[in-house]
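Visitor: I am new to this structure and would like to learn how to read it feature by feature. Could you show me where to begin?

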Amino acid sequence: MSEPASLSAAAETTYLELTFRRALCIWWAYFWRHMLFGGVAIIVVGFLEGLAGLGGRHLLLSLSAVLVMAAVSLCVLGIVLHKQFRSFSIRIVASPC
């Protein structure tokens, strides 16, 4: 098993200011993936519900859409958190407290 990262590694980390441009890069990386993957997932769920004869029940489609989009959102967030941007990457650092 690998050992957890030591806090001394965090002391050597260079922290960058969260600028509008960096925030926009992170948002865009999340947004387009969420729209693409979520759109495909909703189309598939709608098609499957239509095949099952549930197409006329808009409430069921909207409830399943919320569940599907929540799952897609978590998956996309994981993808973006592992993404290497041009000049930075997102890392979770232990709090010194």
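Guide: Let us begin with one residue, Arg33, which lies in helix H2, residues 20-51. Helices (H or I, at least four residues) and strands (E, at least two) are DSSP runs, numbered from the N terminus. Please keep in mind that this is a predicted model, in which local features need pLDDT of at least 70 and side-chain atom pairs count only at pLDDT 80 or more, while totals for chains, interfaces and linings use all residues. Residues are numbered from 1 along each chain as its sequence is written, and side-chain values use heavy atoms, with hydrogens and water left out.

Visitor: How many helices and strands does the protein have?

Guide: The protein has three helices and zero strands, and from the N terminus on its elements run α-α-α.

Visitor: Which side chain of opposite charge is nearest to Arg33, and how far away is it?

Guide: For charge, Lys and Arg count as positive and Asp and Glu as negative, with His and the chain ends not counted. A salt bridge is a side-chain nitrogen of Lys or Arg within 4 Å of a carboxyl oxygen of Asp or Glu. Buried means under 20% relative accessible area, exposed over 50%, and partly exposed in between (1.4 Å probe, protein chains only). Arg33 is buried yet has no salt bridge, and the nearest side chain of opposite charge, that of Glu17, is 23 Å away.

Visitor: What, then, lies around Arg33?

Guide: A contact means heavy atoms within 4.5 Å. Not counting residues up to four places away in sequence, Arg33 touches Gly38, Val76, Ile79, Val80 and Lys83. In addition, a polar atom of the Arg33 side chain lies 2.9 Å from the backbone oxygen of Ala29.

Visitor: Which residues make up the largest nonpolar core?

Guide: In soluble globular proteins, nonpolar side chains tend to be buried together. A nonpolar core is a set of buried Ala, Val, Leu, Ile, Met, Phe, Trp, Tyr and Cys residues joined through side-chain atoms within 4.5 Å. Here the largest one has nine residues, namely Ala29, Ala41, Val45, Val68, Val72, Val76, Val80, Phe85 and Phe88. Helices H2 and H3 each supply at least two residues of this core, and its largest share, four residues, comes from H3.

Visitor: Which residues does Val72 of that core contact?

Guide: Leaving aside neighbours within four places in sequence, Val72 is in contact with His34, Phe37, Gly38 and Ala41. His34 lies in helix H2, and on the same reading His34 is in contact with Gly39, Met69, Val72, Ser73 and Val76.

Visitor: Why does His34 count as buried?

Guide: His34 counts as buried because its relative accessible area is 15%. By contrast, Ser62, found in helix H3, residues 58-81, counts as partly exposed because its relative accessibility is 33%.

Visitor: Where does Leu81 lie, and which residues does Leu81 contact?

Guide: Leu81 lies in helix H3, and, leaving aside neighbours within four places in sequence, Leu81 is in contact with Ile90 and Arg91. The C-alpha atoms of Leu81 and Ala29 are separated by 9.7 Å, although these residues are 52 apart along the chain.

Visitor: What percentage of the residues of the whole protein count as buried?

Guide: Of the 97 residues of the protein, 15% count as buried.

Notes
Polar contact = N/O pair within 3.5 Å; in protein donor to acceptor, adjacent residues only side chain to side chain.
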